[in-house]
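Student: Hi! Could you walk me through this one?
Tutor: Happy to. Let's bring it up first.

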Amino acid sequence: MQKRRFALVLLSFVFLLTIFFPSSSSAAAADVPAPQPTLLTQVQPLGEVVSAVVLKYSTNIDGASLSTSSFQVQSVLNDVYTDRTVTGVYTNDTGAITNRSTHGKYVVIELDTQDKNASTLTYDATSAVNRINTLNYYISQKKDIVTSKKTAIPASAQTINATNKITPIVDEFQKNTFENKEGFKLNYFTFEPKVESGKTYPLVVFLHGNGERGDGNGVNLLANAGAVTWASPEQQAKHPSFIIAPQSPIDLDHKFIWADEPRNSAVADLVRETALKYPIDTNRIYIVGISQGAMGTWRLLEKNLDLFAAGVPIAGLTNYEKAVNMYAPVEPTHVEVLKNVPIWAFHAADDTTVSPKNSQEMVAAIKAQNGNLIHFTEYEAGIIKPTGHFSWVPALQNQDMIEWLFAQKK
């Protein structure tokens, strides 16, 4: 009888415990809502990639409870679900990539940027332009994690859909539209440095290649590091400067998008207007262009000797009017005009898209006219990947060139 009474008392005590002290898992499931997801992208030399997913919780998360197997991340493109490779998971209070856990509500899930599905762009061979993919990611929690108060958040079969993104540096560019006197409209993007009263700053003009044409969609900021190189925190700390990045419209009537009209003169007019609008040092306006943008760079330098202090044409040609298979013999009148202009040209010996003869012959012709302000870097065959045409990848990482450019003054 006493044993039975003791058993009943014990059961009653256990029942009361379950009422007043429920399990941590059930409490967490009710108290911690689903996190808010954001995709974090970055522009790498070969284009923009999704580099992380950031989950914002309503409470601090214990970083020690996280591992690379805590979450599954899938990207969806054309209704195809593909796993992304998780390389690191940690917490912090900023939602930025820091590679280590600190106290905070943000869980950062780093992803392998070499994944085949990491890119945010798809090249359309028919129109020869890069298309921006609609970002659609699903995240699921595969293992239990805990809050900083040791409350468990159990694994769940439910998924969280992420479509919004943050792209550092790119998000600091502002979209604008320029219209010249003839009514030609040109979309462009502007980056402004931290300006101090009474000071003036250099201006870098970046001209994209053929694959970055568009209707102001900003793909010219995403498909390579051409514009963001100059706006990066590292470069701005050394050389605070304004950047403008025009985007050519998709117009098949114009084969040479930046070298011919009305685009070429519209860029020059845009630069002049920008120099009046902002505190620009008009003795330090520079132009950098890749491929089709390099063609525009050569021509803009030639036709606007009063405007630019120096230029960097990468993988382009000059005498585009007579080009056959993207090669044209150097026009002597071009040489005469450019021989006293500071220029650093880049090309790859195995560029099969735009022949390196264009740069080689121009540099040789300028030197033959006693032009001593020309620099030329030619990359040996096999160095540039995935194709020899992409010589802007190492060129834009050449710190010697960057220091040289900002040292030039009219």
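Student: Let's start with empty space: how much lies in the largest cavity?
Tutor: About 30 Å³ of space lies in the largest cavity. A cavity here is a set of points, on a 1 Å grid over the protein atoms alone, where a 1.4 Å probe fits but cannot get out. Grid points are joined across faces, edges and corners, and the volume is the space filled by probe spheres set on them. Keep in mind that this is a predicted model, where local features need pLDDT of at least 70, side-chain atom pairs count only at pLDDT 80 or more, and totals for chains, interfaces and linings use all residues. Numbering runs from 1 along each chain as its sequence is written, and side-chain values use heavy atoms, leaving out hydrogens and water.

Student: How many cavities of 30 Å³ or more are there?
Tutor: The structure holds one.

Student: And which residues line the largest cavity?
Tutor: Its lining is made of Tyr 188, Thr 190, Glu 273, Thr 274, Lys 277 and Tyr 278, where a lining residue has an atom within 4 Å of a point. The elements that give two or more residues are β15 and α6, and α6 supplies the largest share, three residues. Helices (H or I, at least four residues) and strands (E, at least two) are DSSP runs, numbered from the N terminus.

Student: What's the chemical mix of that lining?
Tutor: The lining of the largest cavity divides into two nonpolar, two polar and two charged residues. Ala, Val, Leu, Ile, Met, Phe, Trp, Tyr, Cys and Pro count as nonpolar, Asp, Glu, Lys and Arg as charged, and the others, Gly among them, as polar.

Student: Back to α6. Which of its residues are buried?
Tutor: Arg 263, Asn 264, Ala 266, Val 267, Ala 268, Leu 270, Val 271, Thr 274 and Ala 275 are buried in α6. Buried means under 20% relative accessible area, exposed over 50%, and partly exposed in between (1.4 Å probe, protein chains only).

Student: What do they pack against?
Tutor: The buried residues of α6 pack against β14, β15, β16, β17, β18 and α7.

Student: What span should α6 have?
Tutor: At 1.5 Å a residue, its 15 residues (263–277) should span 21 Å, and the end C-alpha atoms are 21 Å apart, which agrees. The expected span is 1.5 Å times one less than the number of residues.

Student: You mentioned α7. How many of its residues are buried?
Tutor: Eleven of the twelve are buried, so α7 is largely enclosed by the rest of the structure. Among them are Gln 292, Met 295, Trp 298, Arg 299 and Glu 302. The expected span of α7 is 16 Å, and its end C-alpha atoms are 17 Å apart, which agrees.

Student: Switching to charges: how many salt bridges are there?
Tutor: The structure holds eleven salt bridges, each a side-chain nitrogen of Lys or Arg within 4 Å of a carboxyl oxygen of Asp or Glu. One of them pairs Lys 165 with Glu 48, the closest N and O atoms being 2.6 Å apart. This pair links distant parts of the chain, with Lys 165 in strand β13 and Glu 48 in strand β2, 117 residues apart.

Student: Are those two buried or exposed?
Tutor: Lys 165 counts as partly exposed at 32% relative accessibility, whereas Glu 48 is buried at 1%.

Student: What about Asp 115 and Arg 84?
Tutor: Their side chains meet in a salt bridge (2.8 Å, N to O). Asp 115 sits in the loop between β6 and β7, and Arg 84 is in strand β4, 31 residues apart. Asp 115 is buried at 12%, and Arg 84 is buried at 4%.

Student: Last topic, the largest pocket. What's its volume?
Tutor: The largest pocket has a volume of about 850 Å³. A pocket is an open set of points with protein on both sides within 12 Å along at least five of seven lines. Of the 35 lining residues, the closest to its centre are Tyr 123, Asn 130, Gly 211, Glu 212 and Phe 390.

Student: Which element gives the most to that lining?
Tutor: β2 does, with three residues. The lining of the largest pocket divides into 17 nonpolar, 13 polar and five charged residues.

Key:
Contact means heavy atoms within 4.5 Å.
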